[in-house]
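Biologist: I have a structure to go through and I'm new to this. Can we look at it together, one piece at a time?

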Amino acid sequence: MRKALIILQKEWLELRSERTLWMTILIPPLLLTILPIVSVYLIGVTPDEDTAQIGAAIADPSLAGLSEIEVGQAVMGKQFGFMFLLMPLLVPSVIASYSIVGEKMRRTLEPLLAAPVKTWELLLGKCLASLIPALIISWGAALIFVLALRLVVLSDQVYQVILGGGWWVLLLLGSPSLALLMVAATVAISGRVNDPRTAQQVAAVVVVPILALFVAQLLGVVVLTPLLAFIASVALAFLAALAFAGAIALFDRENILTRWTS
């Protein structure tokens, strides 16, 4: 474990000098935080009667007793809340894709792979280097959303509906697993490609289930309750553990060293 922490420290020291990379990391979360706040506000001042007729408004019992304009804010606010579940996927994919390929581009891969470090320690250090910033950024953006939302909603009931249900559960319990799932997939793929963008594109398939949940809730097929969110978080933790174990199994150090140094 000590060696994994040393690798983590090494990764962070290298990340500090990558200003362009940090721009790529920080701009999407900033936009994904501003967009929901502005959208919820605009829905409150320019109501759309059709919003009350979509599947999410009809299927969700927590919307009972709200006016049409409040329903519009609540429905859209809940949908935009899913953007904060995308951040634990987007942020680490950028860092992790450069974690292996970047080492090769900087010509520091060879001594790292040849070092007396076990594969699981090597990958754990690299995964933590992506996972920790992803959670800090994701939870920080969510906190800004929660605080700003209070200023733009029409009533306390709308505020409670948007932040109620399983959103908090999935955000706090599911985000670490989502981030680890993306990091493990990206690191495993990065070990087999020479371009970090290729690794990001292939690993982006992990985003599909979140988008599917977004559409399902919008159509009223799924209502995200705390119980459902907890079950989903447990399932994600299991999948993340499998993904990390799979990344260790697929990470062939000797093959990578031979192929990239030849």
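Modeller: One term to begin with: residues touch, or are in contact, when they have heavy atoms within 4.5 Å. This is a predicted model, in which local features need pLDDT of at least 70 and side-chain atom pairs count only at pLDDT 80 or more, while totals for chains, interfaces and linings use all residues. Residues are numbered from 1 along each chain as its sequence is written, and side-chain values use heavy atoms, with hydrogens and water left out.

Biologist: OK, try that term on W167. Which residues does W167 touch?

Modeller: Leaving aside residues up to four places away in sequence, W167 touches G81, F82, F84, A142, F145, V146, I162 and L224.

Biologist: Let's back up to the overall fold. How many helices and strands are there?

Modeller: The protein has 13 helices and zero strands. Both are DSSP runs numbered from the N terminus: helices are H or I with at least four residues, strands are E with at least two.

Biologist: And how much of the protein is buried?

Modeller: Of the 262 residues, 50% are buried. Buried means under 20% relative accessible area, exposed means over 50%, and partly exposed is in between, using a 1.4 Å probe and protein chains only.

Biologist: What share of the contacts links residues 24 or more positions apart?

Modeller: Such pairs make up 83% of the contacts with a separation of 6 or more.

Biologist: Back to W167. What sort of core does it sit in?

Modeller: W167 belongs to the largest nonpolar core, which has 29 residues. A nonpolar core is a set of buried Ala, Val, Leu, Ile, Met, Phe, Trp, Tyr and Cys residues joined through side-chain atoms within 4.5 Å. F84, F145, L149, L163 and W167 touch the most other members. The elements giving two or more residues are α2 (19-45), α4 (68-80), α5 (83-105), α7, α8 and α9 (167-190).

Biologist: Which element gives the largest share of this core?

Modeller: That is α7, with seven residues. There is also a second, separate core of 21 residues, which includes L128, A129, A179 and A184.

Biologist: So α7 and α8 both feed the big core. How do their axes cross?

Modeller: The axes of α7 and α8 come within 10 Å and cross at roughly 155 degrees. Axes are lines fitted to C-alpha atoms, for helices over the stretch in contact, and angles run from 0 to 180 degrees between N-to-C directions. The two helices are therefore roughly antiparallel. Angles over 145 degrees get that label, those under 35 count as roughly parallel, 65 to 115 as roughly perpendicular, and the rest as oblique.

Biologist: Which residues make that contact?

Modeller: From α7 they are F145, V146, L149 and R150, and from α8 they are D156, Y159, I162 and L163. By class, there are six nonpolar, no polar and two charged residues. Here Ala, Val, Leu, Ile, Met, Phe, Trp, Tyr, Cys and Pro count as nonpolar, Asp, Glu, Lys and Arg as charged, and the others, Gly among them, as polar.

Biologist: Which residues of α8 are buried?

Modeller: In α8 (residues 156-163), V158, Y159, V161, I162 and L163 are buried. After α8 comes G165, whose phi is positive, near 65 degrees.

Biologist: Now α4 and α8. At what angle do they cross?

Modeller: The axes of α4 and α8 come within 8 Å and cross at roughly 25 degrees. That makes α4 roughly parallel to α8. E70, Q73, A74, G77 and K78 in α4 meet V158, V161 and I162 in α8. This contact divides into four nonpolar, two polar and two charged residues.

Biologist: V71 is in α4 too. Is V71 buried or exposed?

Modeller: V71 counts as buried because its relative accessibility is 8%. Its C-alpha atom is 9.9 Å from that of I43, 28 residues apart along the chain.

Biologist: Last one: S138 in α7. What does S138 touch?

Modeller: S138 touches M87 and P88, again not counting residues up to four places away in sequence. S138 is buried, with a relative accessible area of 0%.
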